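Student: I am new to this structure and would like to understand how its descriptive terms are justified. Could we go through them one by one, with the reasoning spelled out?

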Amino acid sequence: MSVWAILVAAGRGERLGLDQPKAFAKLGADPLLAEPLRRLDESPWVDAIVVVAPAGWEEPAILLAEELGCGKVSACVAGGDSRADSVRAGLTEVPADAVAVLVHDAARPLVGDDVIERVLAPLAEGWDGVVPGLQVADTLKRVGGDGAVAETVARDGLWAVQTPQAFPADVLRRSLASGGDATDCAGSVEAAGGRVKVVPGDPRLLKVTTADDLAKIAAWL
Ligand code: C5P
């Protein structure tokens, strides 16, 4: 089957406090985008890659892919205002005969073949989406603006969901076409009535939000 990866890297990353987008923040010696790009390109599970860059940063993203020798990169497009819009932009470059689409956040640089295999394999059983997740270990509380606890949320059955997320290409296309701005693609598929499975994720798939996250991930490289 042909698997297309959409690497979404168009977020601003304002909490990093840099004057460039998060995807171009330094992780070690290279821009953050380099790590997930190289890993997806080297994965035997991935046939082709579409990079979704911040508007105006398509050229640096293409140059980076060339420098890294990432021969699977087929296109680089500008993202949109929301993550869902960025995935929609990436999907326009995925050909009609693609069987599966793997959507991955560039902000989670340490993507590995093991988790890619875990999310792709159940698609053969007819799932509309497969996502990696970690069972929530902490006690969860809903907190008001004034810092007061409004309620303690039962954590049974609660999972924190990561990327890469895998979908049959036609399911993802249909789900995103029906609109909405869910914070992950699985949310759009669920809203459209799809059945989504959770498989074990990886703590190393931490999403870079702050400078501390960058330092932590750099230490894991
Ligand atoms: O903002 P959030 O943390 O949910 O971003 C997750 C991923 O989605 C990041 O890799 C970010 O670059 C990407 N994103 C995007 N376009 C947006 C917002 C986020 O490609 N408009």
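**Terms and the values behind them**

Tutor: Let us begin with V153, which is partly exposed, with a relative accessible area of 24%. Please keep in mind throughout that this is a predicted model.

Student: Why is V153 called partly exposed?

Tutor: The relative accessible area of V153 is 24%, and the term buried is kept for values under 20% while exposed is kept for values over 50%. V153 falls between those two cut-offs and is therefore called partly exposed. The residue belongs to strand β9, which covers residues 149–153, and its C-alpha atom is separated by 39 Å from that of V99, although the two are 54 residues apart along the chain.

Student: What makes V46 buried?

Tutor: V46 has a relative accessibility of 1%, and because buried means under 20%, V46 counts as buried. V46 is in the loop between α1 (34–42) and β4 (48–53). The C-alpha atoms of V46 and A100 are separated by 9.7 Å, with their positions 54 residues apart along the chain.

Student: Why is S175 called buried, and which backbone atom lies 2.8 Å from a polar atom of its side chain?

Tutor: The relative accessible area of S175 is 4%, which is under the 20% cut-off, so S175 is called buried. S175 is part of helix α5, residues 169–177, and a polar atom of its side chain lies 2.8 Å from the backbone oxygen of V171.

Student: How do you know that D105 and R83 make a polar contact?

Tutor: The side chains of D105 and R83 are joined at 2.8 Å, and a pair of N or O atoms must be within 3.5 Å to qualify, so the distance condition is met. D105 itself lies in strand β6, residues 100–105, and with a relative accessibility of 9% it counts as buried, because that value is under 20%.

Student: What can be said about the peptide bond that joins T163 and P164?

Tutor: The bond between T163 and P164 is cis, with omega at about 15°. Most peptide bonds are trans. P164 is located in the loop between β10 (159–161) and β11 (165–168).

Student: Turning to the ligand, how many residues surround it, and which are the closest?

Tutor: The ligand is surrounded by 13 residues, of which V8, A10, G11, S86 and K207 are the closest. By kind, the residues of this shell divide into 5 nonpolar, 4 polar and 4 charged, and the ligand sits in the largest pocket.

Student: Is S86, one of those closest residues, buried or exposed?

Tutor: S86 has a relative accessibility of 4%, and because this is under 20%, S86 counts as buried. S86 is found in helix α3, residues 83–91, and is 18 Å from P109, C-alpha to C-alpha, the two being 23 residues apart in sequence.

Student: Which polar backbone atoms lie 2.8 Å, 3.3 Å and 3.2 Å from atoms of the ligand?

Tutor: An oxygen atom of the ligand is 2.8 Å from a polar backbone atom of V8, a nitrogen atom of the ligand is 3.3 Å from one of S82, and an oxygen atom of the ligand is 3.2 Å from one of A106. Taken on its own, the ligand has 450 Å² of accessible area, and the protein covers 81% of it.

Definitions and conventions
Residues are numbered from 1 along each chain as its sequence is written. This is a predicted model: local features need pLDDT of at least 70, side-chain atom pairs count only at pLDDT 80 or more; totals for chains, interfaces and linings use all residues. Side-chain values use heavy atoms; hydrogens and water are left out. A residue is near a molecule or strand if one of its heavy atoms lies within 4 Å of it. A polar contact is a pair of N or O atoms within 3.5 Å; within protein, one must be able to donate a hydrogen and the other to accept it, and residues adjacent in sequence count only if both atoms are side-chain atoms. Accessible areas come from the Shrake-Rupley method with a 1.4 Å probe; for residues, only the protein chains shown count as cover. On a 1 Å grid over the protein atoms alone, a cavity is a set of points where a 1.4 Å probe fits but cannot get out, and a pocket is an open set with protein on both sides within 12 Å along at least five of seven lines; lining residues have an atom within 4 Å of a point. A molecule sits in a cavity or pocket if more than half of its atoms lie within 2 Å of its grid points. Ala, Val, Leu, Ile, Met, Phe, Trp, Tyr, Cys and Pro count as nonpolar, Asp, Glu, Lys and Arg as charged, and the others, Gly among them, as polar. Helices (H or I, at least four residues) and strands (E, at least two) are DSSP runs, numbered from the N terminus. Buried means under 20% relative accessible area, exposed over 50%, partly exposed in between (1.4 Å probe, protein chains only).
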